[in-house]
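Trainee: I would like a close look at the cysteines in this model, and then at the loops and the helix around them. Please set them against the whole chain.

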Amino acid sequence: MIFARALTRRDFDAFGFRMTQQTQHLTNSRVALVTGGSRGIGLGICRALADEGWSLAVGGTRDESDVADVLEDLCDCGVEVAYCRGDVAEAADRHQILDTVRERFGRLNLLVNNAGITSQGRRDLLEADEAGFDRVFAVNLKGPYFLTQAAARWMIDQKRASADFRGAIVNISSVSAEVVSTNRGDYCLTKAAIGMATKLWAARLAEFDIPVYEIRPGVIRTDMTAGVVEKYDRLIAEGLTLQRRWGTPEDVGRAAALLARGDLPYATGQVLRIDGGLSIRTM
Ligand code: NAI
């Protein structure tokens with residue numbers, strides 16, 4: 001089921017406010033769909049985009065009641081917010097998510113493929129099973145790949161309807177696209193494949209002037225890494241990252257906002273590593 005909720009111009013009008021500059025942008029602002037946008041890195045991205053006046057379609061699997069506070073906080077930034085509940089691994093849910101965006105906003109300028117799961121049970125390569133492999137691939141690769149396909153078709157239609165239309169797609173992969181973890185083989189594979197998906201979609205959508213980027217975060221403090229805090233505290237202290245701290249959702253959010261703003265207009269298909277130098281080898 002998809003639930004959509006928004007603080008709209010009607011809400012402001014109901015209280016008798018005149019249209020201010022702030023309310024005006026509710027009807028004119030660009031629209032971003034951020035999958036997995038209600039917590040962790042996705043929420044960091046939503047906050048950064050809200051700061052810049054983007055209208056937000058926040059994707060997620062949890063009940064609307066569980067994310068109500070988060071949605072309220074985003075609304076408090078003065079932007080329009082809709083919740084799009086659905087599992088990105090399921091084709092019907094993906095279509096419903098986009099239908100909700102279409103109904104609520106009538107347009108889509110930015111898709112951020114952020115939703116993802118880690119390896120189930122973080123099991124060694126010699127022990128991991130096929131069910132876990134299939135689920136990680138469905139959520140981390142099939143979901144964003146086909147959501148991109150559907151969003152891209154819509155963006156192309158919008159571009160054809162209006163030459164002024166600006167669209168972009170941002171994929172959140174991981175340092176695991178290039179750094180091996182033998183207890184998360186399936187996860188590493190999906191993130192490496194997102195790197196190729198970024199290049200494929202960049203090549204296909206270039207003629208429509210729709211850039212596609214990849215953000216490759218390092219070790220970020222979120223619910224996903226809550227079970228491995230001690231391990232990474234130690235590794236970071238020992239020099240895993242050049243900048244000796246955890247990354248934050250805000251670090252990734254700022255990178256996404258930069259791309260969304262159009263500040264890297266001649267760099268489609270490129271990777272932005274937000275990893276404190278984790279991927280740089282030293283000797
Ligand atoms: P998280 O577990 O805190 O949040 C993930 C979000 O995705 C949640 O809102 C969840 O509801 C949503 N989600 C999960 N499965 C979904 C599905 N099937 N359909 C729709 N939504 C779904 O994780 P975190 O850390 O914020 O991760 C976000 C992205 O960043 C993931 O793609 C992850 O692989 C990636 N990443 C995370 C890093 C970290 O250290 N936390 C490092 C590098 C990449």
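Mentor: Start with a definition: a disulfide is a pair of cysteine sulfur atoms within 2.5 Å. In general terms, a disulfide is a covalent bond between the sulfur atoms of two cysteines. Keep in mind that this model is predicted.

Now apply the cut-off. The closest cysteine sulfur to that of Cys46 belongs to Cys77, and the gap is 10 Å, so the pair is too far apart for a bond. The structure as a whole holds zero disulfides. Next, ask how covered these side chains are. Buried means under 20% relative accessible area. Cys46 has 0% relative accessibility, so Cys46 counts as buried. Cys188 has a relative accessible area of 11%, so Cys188 is buried too.

Step back to the whole chain. The chain has nine helices and seven strands. Of its 283 residues, 50% are buried. A compact globule of 283 residues would have a radius of gyration near 19 Å, and the chain agrees because its own value is 19 Å. The C-alpha trace spans about 60 × 40 × 35 Å along its principal axes. Take contacts between residues at least 6 apart in sequence: 74% of them join residues at least 24 apart.

The surface comes next. About 14200 Å² is exposed by the chain, and carbon and sulfur atoms supply 50% of that area. Charges number 35 positive and 37 negative side chains. The centres of these two sets lie 4 Å apart.

Now the loops. Asn183 sits between β5 (168-172) and α7 (185-205), in the loop that joins them. Its relative accessibility is 23%, so Asn183 counts as partly exposed. Set aside the neighbours of Asn183 within four places in sequence. Its contacts are then Ser119, Arg122, Arg123 and Asp124. Gly40 is 143 residues from Asn183 along the chain, and their C-alpha atoms are separated by 22 Å.

One of those contacts, Arg122, deserves its own look. Arg122 is found in the loop between β4 (110-113) and α6 (130-161). The contact with Asn183 therefore links two loops: Asn183 follows β5 and precedes α7, and Asn183 touches Arg122 by heavy atoms within 4.5 Å. Phi of Arg122 is near 40°, a positive value in a residue other than glycine. Arg122 is partly exposed, because its relative accessible area is 22%.

A second positive phi appears at Asp209. The value is about 60°, and Asp209 is not a glycine either. Asp209 lies in the loop between α7 and β6 (212-217). With a relative accessible area of 55%, Asp209 is exposed.

Between those two loops runs helix α7. Met196 lies in this helix. At 45% relative accessibility, Met196 counts as partly exposed. The C-alpha atoms of Met196 and Glu214 are separated by 9.8 Å, with their positions 18 residues apart along the chain.

Finish with Val79. Val79 lies in the loop between α4 (64-75) and β3 (81-85). A loop residue can still be covered: the relative accessible area of Val79 is 1%, so Val79 is buried. Ala202 is 123 residues from Val79 in sequence, and the two are 29 Å apart in space, C-alpha to C-alpha.

Put the cysteines back in view. Cys46 is buried at 0%, Cys188 is buried at 11%, and the structure holds zero disulfides.

Methods. Residues numbered from 1 in each chain as written. Predicted model: local features only at pLDDT ≥ 70, side-chain atom pairs only at ≥ 80, totals over all residues. Heavy atoms only, no water. Helix = DSSP H or I, 4+ residues; strand = E, 2+ residues; numbered from the N terminus. Rg over C-alpha atoms; globule rule 2.2 N^0.38 Å. Buried < 20%, exposed > 50% of the residue type's maximum accessible area, 1.4 Å probe, protein only. Areas by Shrake-Rupley, 256 points an atom, 1.4 Å probe, with all protein chains shown as cover. Lys, Arg positive; Asp, Glu negative; His and termini not counted. Charge placed at Lys NZ, Arg CZ, Asp CG, Glu CD.
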